[in-house]
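Visitor: Could you take me in for a close look at one part of this chain? I'd like the sheet towards its C-terminal end and whatever packs against that sheet.

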Amino acid sequence: YNSAAAFLSGEGEVIPLSATPDRQVFGSSQERIKPFPSVAIYTPEGYVRAVGYEAKILSEKEPQYAVWGVKRLLGKTYKEALEHGELDRMLLSVEPDGRNGRCMFELGVQEIRPEQVCAELLKHIRHEAERLFDVKISDVVLSVPAYFDAIAIGATVEAAKLAGFELVETIPEPVAAALAYDLEVTPRPINFIVFDIGAGTLDVTAAEVWRTKPGPTEIECRCRKNTGDTHLGGLDMDVH
């Protein structure tokens with residue numbers, strides 16, 4: 001439901017994009033807390049109108065042109081999405097792609113794949129990061145749900161390529177969470193369990209990590225077991 005990013009500088013310092021004194025970078029104080037709502041809104045003809053916070057605001061008035069929670073459709077066929085109840089929340093027309101049976105949005109004369117929607121979100125984040133740090137960014141590491149199979153990971157990488165990234169790597173979200181919470185990584189493997197509930201899924205992962213060399217990127221990880229509920233997250237909860 002929301003995306004966030006950080007910039008890894010040459011010295012290995014991770015700088016959250018939301019932690020900027022520049023009030024003009026993000027649309028509001030709320031967007032600095034939740035930097036990038038994962039929402040894209042289109043024109044009636046099927047062209048991108050806005051992405052992120054602006055799209056979220058516009059979607060409240062024109063939900064029939066908005067796409068959100070699209071990560072759940074990456075790599076899924078139309079039949080799978082239909083069986084999992086993913087299409088019930090969509091106001092846009094969703095049809096099977098005649099080439100591979102995957103989900104595809106139809107709007108105006110355009111046929112829009114979930115990877116293309118994700119690409120617009122990633123492109124928006126990349127442009128904001130480049131503007132903030134005044135540097136060209138071509139490499140990215142994307143966190144993906146632990147349950148993502150090779151097809152879903154491939155769709156994620158395709159989205160990043162469409163967004164203009166050249167070198168794309170992925171890391172399981174539970175591992176990313178463990179590292180973000182300052183898990184002390186040593187040359188000796190450390191076992192850990194992460195309970196990760198987000199907007200879309202609940203993941204429970206048992207894994208081990210160890211350090212191969214000094215430095216922020218010299219870390220290896222092995223996921224031992226992953227379980228959870230791929231249809232239990234914030235999208236499925238009613239708050240009154």
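**The sheet and its helix**

Guide: Let's start at a pair of facing residues: Arg 211 sits opposite Ile 219 of strand E15. Bear in mind that this is a predicted model. Arg 211 belongs to strand E14, residues 202-211, and 10 bridges tie E14 to E15 in an antiparallel fashion. Step back a little and you have an open sheet of 3 strands, ordered E13-E14-E15, with antiparallel pairing. At the edges are E13 (190-197) and E15 (219-229), each of which pairs on one side only. From one strand to the next, the twist averages 20°.

Now for what packs on that sheet. Helix H6, residues 173-180, does so and touches E13, E14 and E15. Its direction makes about 110° with that of E13. Within H6, the buried residues are Glu 173, Pro 174, Val 175 and Ala 178. The cover over them includes E13, E14 and E15, but also strand E11 (139-144) and strand E12 (167-172).

Ala 178 is worth a second look, since this H6 residue is buried and also turns up in a nonpolar core of 7 residues, alongside others including Val 185, Ala 207 and Val 209. That core is separate from the largest one, which has 41 residues. In the 41-residue core, Leu 73, Phe 105, Val 117 and Phe 165 have the most contacts. E11, part of the cover over H6, is among the elements that give two or more residues to the largest core, as are helix H2 (53-59), strand E9 (103-107) and helix H5 (150-162). The top contributor is H4, with 6 residues. As a general backdrop, nonpolar side chains in soluble globular proteins tend to be buried together.

If you follow Leu 73 outwards, leaving aside neighbours within four places in sequence, you find contacts with Ala 81, Glu 86, Leu 87, Met 90, Cys 103, Phe 105 and Pro 114. Cys 103 is itself buried, at 2% relative accessible area, and Cys 118 is buried too, at 11%. As for disulfides, the count is 0.

To put the part back into the whole: the chain has 6 helices and 15 strands, and buried residues make up 39% of its 240 residues. Among contacts with a separation of 6 or more, 55% link residues 24 or more positions apart. The accessible surface comes to about 13500 Å², and carbon and sulfur atoms account for 51% of that.

Conventions. Residues are numbered from 1 along each chain as its sequence is written. This is a predicted model: local features need pLDDT of at least 70, side-chain atom pairs count only at pLDDT 80 or more; totals for chains, interfaces and linings use all residues. Side-chain values use heavy atoms; hydrogens and water are left out. Two strands pair if DSSP finds at least two bridges between them. Helices (H or I, at least four residues) and strands (E, at least two) are DSSP runs, numbered from the N terminus. Axes are lines fitted to C-alpha atoms, for helices over the stretch in contact, and angles run from 0 to 180 degrees between N-to-C directions. Contact means heavy atoms within 4.5 Å. A disulfide is a pair of cysteine sulfur atoms within 2.5 Å. Buried means under 20% relative accessible area, exposed over 50%, partly exposed in between (1.4 Å probe, protein chains only). Accessible areas come from the Shrake-Rupley method with a 1.4 Å probe; for residues, only the protein chains shown count as cover. A nonpolar core is a set of buried Ala, Val, Leu, Ile, Met, Phe, Trp, Tyr and Cys residues joined through side-chain atoms within 4.5 Å.
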